[in-house]
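Trainee: Could we go through the terms people use for this model, and check what backs each one up?

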Amino acid sequence: MNTLYSLSLGETMRSCFIEDARKYAYGEALFVVPGNYFRQLVKKQGSVRTVIMDYLPNEILRINAKEKNYQRISRPAQEMLLKTIIKEMLEAGELTYFEPLADGDGFVKNLASFIGELSRSWVAPEELDRAFAAWEGRTDRLQEKDRELNKLYTTYRARLQARNLYDVDGLYRLAISFLEANEAKLPWKKLYFSEFYQFDDLQRELIRALSKSCDIQIGIFFDGQRPELSKATLNAYGDLAGLDFQVIKEPAKIKRAGSLAFIVENWQKMGHKKIEPQGITLLEATSPEREMAGVITSIKKLIAQGTNPGDIVVLVRSLTDYAGFSDMFKAYGVPTSLPQVTSFSGQALPDFLVKLLKTAVNPNKVEAWQNLLATEYCSELYGVDKAKLEEEYNSKFFPTGNSLLAFLKTAFPAASLDELVALVKNFSKKHTGKEFVDILSTELAHWDMSGRAGKAYQQDAIDLDRIKILAGCENFCLKILQDMELAFAQSGKDEEKITVDEFLTIWLDLSKDATITLQKGNARGIQVLEAANVQGVTFPYVFLMGLREGVFPKIKFENWLYNDKERALLHDLGINLQQTSANVAMDRYFFGTALAMATDELHMSYYADDIAGPSGYVEEMAQYFPPQTWQAEKFTITGNNCAGKQELLNFLAQLPQLGDKEQAWLTKELGKNFSLKKTLDNTRWMGESPYNGKIGGKGELSSLSASALDLYAKCPFSYLVAKEWKTEAWEPLTDEIKPTVSGDLYHLTLARFLGKHLQEDLSTLDSAKLMEELHKDFREEYAALVEKGIITETPLSEQEKKFYWSVLSKWLTKEISYQEGETVKLLPKELEVGFGLTDSKWPALELTIDNKVTAFSGQIDRIDTDGESYIITDYKSGAFPSGSDIAHGYALQLPLYALALENLCNVATEKIWGAGYYALKESRRKSGMWNKEKNSMLPWLATGRSQDYGEVMEKAMGQIASIVRAIRQGLFPAAPLKNCPAYCPGYDICRYRLNRTLNLSEEGDNNERA
Ligand code: SF4
């Protein structure tokens, strides 16, 4: 007699069924469950064979030796097959409605799911066709959609049939027809179906077919008094009752403590009374991490009180909402059933493979090669020194992959580049899917990653976790290749040549969500389960997490191929497809069963932030308790609830005062200056903090360049990073001309041009010829930089050249007018004259400060003279110091040049009229320090405001001495003159931004040094 047991919320027939099954010989009874969790649970009892529902059709076919007659199609093969069908229909002009979507992977995946839905609903293509034909009020456009969809479905089903392939739904249909034809011999006398809340049409048909030859018992929740809660099981219950199952209402048996019994009994019933929330708590956290920490903290407390970890369960709606949960358990020393995993695609081997394939997609793209060559495995397997190579990117620009490879061959002769290039070349060709798989499999064997990892482990170069990851990655790569091979064969694409791009797309699709298991879960640890997968089990302590809007209940979006409205109309036409409201009902049921799992204590929790707060379930629950009696406890870390050692250390370290014992423990764990370390980020900025760039010095400073001096004046810490540590910002060359390169181009051109006109008054020469001459010099300097690989010719080069030339031509026009206006003809005499540099014309400028000599170096762009008086010019193609910076002694380049001229060229101070900048882009002289008495003699001084030469020199001398003393003492505080430039090499090191953010709220946005 087939029996349907109608159960109360949270109840199960599992134990009764297992007991009943003992009456049968092993193999005569079969227990069918929805998932692996229950299969293991029943298996432990050891008295009855157990299968997961979707394996039941296979089981029927296997027992009757029919399994060889079919082959199950894999999901990747299904998608490949659908892609082929879509492509064929597009080429035949049969897809117009779906044409704009047809290229997207999302369309194929949605289509595969929708076809699965149709299949599980037992909808044959002819039925769908009939329903579409009978659909009234459908627009032409939507009829087009229906037609195309039905053609896709029909073709897909026909292709499977032609290849003798079956998807899961096909296997159900096969098993049902086999049973219907009375051809199946079944060993079972009794079948038990336990822990289900729904059966789709195919499953229900299979049960009906089985019920003709086996005695079937099913337990399912249904409560007529709670219609909302029973919506999830109503269809299954109604369908089975209609199959002549005898319905027996089972009384509730589970005993629950405190208020739990009342809640479970009255959940979703109208007109219930209110009770005290005994044994039911609510915790609020500020992030998923904090929520996890709060829950583990509570669990630790329970275990410390003697609770058996096996009596505790953690329930979440979806584990993907709590990434890193397993690591969190591990960090806090609590065992869990969750395995420790890490992402596959983020690991070195898959990263290398993907970059290898991407390079094969674009073998002439330099970025693809650069990415590939920067991988860990490229260095290891092909011997390219990636650090050295990256340095080269700073000085050389490679416009194409070939130019980079040509360079690599000469720069790294020992590397096995030919092998790598040959591999990329091979991948670039079209191959069949199987050939691609073979090439990659051969390479994997050749690379022998596991063997290498083993050797590295023996040499203590890597730890066990790393070995596990490496081995796991290699195995998973091989698995993907196997899956691909099967998918190519099953979808009929095994003989078809494809591009590496297509191969890469499939690889990425199969690997994107994969994880590598580092450590299996501890079966005796805390169980963490998804609420949708368990019901009818009880635990004394249940932690129900994620009661946050959008998390539990889970947001479900309407299917966009056929929306809820269309589904409702199709339902009236006999096509039964699920609507979003069914998901809401299911979610409500999952929550009810989760509540019912707790027998002693139920601990609910959520995290709330600006985006979302507690879910509606929390509000619903609060209605069972008197007002204000059930409120969320906010989770904060205190000395009493630290879940792990590290958290306790952090917590204690923040306390202003500690007891002797704590002080001793923290000193042991964190070092004796732990209290100082914790306040360092704040105190280092206070007053003359010893922690702000004070590294101590030897009291010596033998040499200093003008640019280093200026850098120190701008920010001592940036000087330390750039000049002492020599950590210049790494920046690869690109096809864009950088300001430093354009600056060089201007300097070189002007030096070349003026070098031919030293001491000549340009205003007396033919300006057109001068212009022509300058243009020629410019073209030659530009070509020389191209030749050296410093500038790259691109389609934009002509435009850029025009711009540079316009700057230079304006300079010449202005220079002529300046020279014309000079009362005393101070004309160029020295150009690009260096001092203290290797092979420079002048020796270093030695200044004695505190009885010690420091040698200064620099390069003066231009010195003009009439043989008696002198001026210094510095060309600037970008920003230059303001008058105020010069006046305050923060711009020391010009004063240093003036000192060099005075001391190294024996020019008396009074003969130097001044020094200034030439702003090339503005085509005029600007700023500087000048002897004001000479204003009338130099045209650019007539109207401008300039700093007094004598005053600036006096200030600068003092400043130079201070800087030299500070460097000798090793003082390099992070103290920028103005806003920190984004290109500063100390930007990510000095932590000044942190300080600035803290200070802004108190002091406003004024960080200029006084
Ligand atoms: S980022 Fe600012 S404070 Fe830090 S080193 Fe550079 S200029 Fe100085």
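Mentor: Sure, here is a short round of questions on the sheet, its helices and the cores. It's a predicted model, so to speak: local features need pLDDT of at least 70, side-chain atom pairs count only at pLDDT 80 or more, and totals for chains, interfaces and linings use all residues. Residues are numbered from 1 along each chain as its sequence is written, and side-chain values use heavy atoms, with hydrogens and water left out.

Trainee: How do you know that β2 and β6 are paired?

Mentor: Pairing takes at least two DSSP bridges between two strands (DSSP E runs of at least two residues). Four bridges join β2 (residues 29-33) to β6 (residues 190-193), so they pair, and they run parallel. Phe-31 stands opposite Tyr-192 in β6.

Trainee: What makes β3 and β8 edge strands?

Mentor: The open sheet has six strands in the order β3-β2-β6-β7-β1-β8. β3 (49-52) and β8 (246-249) each have a single partner strand, so one side of each lacks a neighbour in the sheet.

Trainee: Which strands does helix α10 lie across?

Mentor: Helix α10 (residues 227-241; a helix is a DSSP H or I run of at least four residues) lies across β1, β7 and β8.

Trainee: What makes a set of residues a nonpolar core?

Mentor: Its members are buried (under 20% relative accessible area, 1.4 Å probe, protein chains only) Ala, Val, Leu, Ile, Met, Phe, Trp, Tyr or Cys, joined through side-chain atoms within 4.5 Å. The largest such core has 94 residues, with 11 from helix α22 (residues 464-490), the largest share. A second, separate core of 56 residues includes Leu-229 and Tyr-617.

Note on methods: Contact means heavy atoms within 4.5 Å. Axes are lines fitted to C-alpha atoms, for helices over the stretch in contact, and angles run from 0 to 180 degrees between N-to-C directions. Buried means under 20% relative accessible area, exposed over 50%, partly exposed in between (1.4 Å probe, protein chains only).
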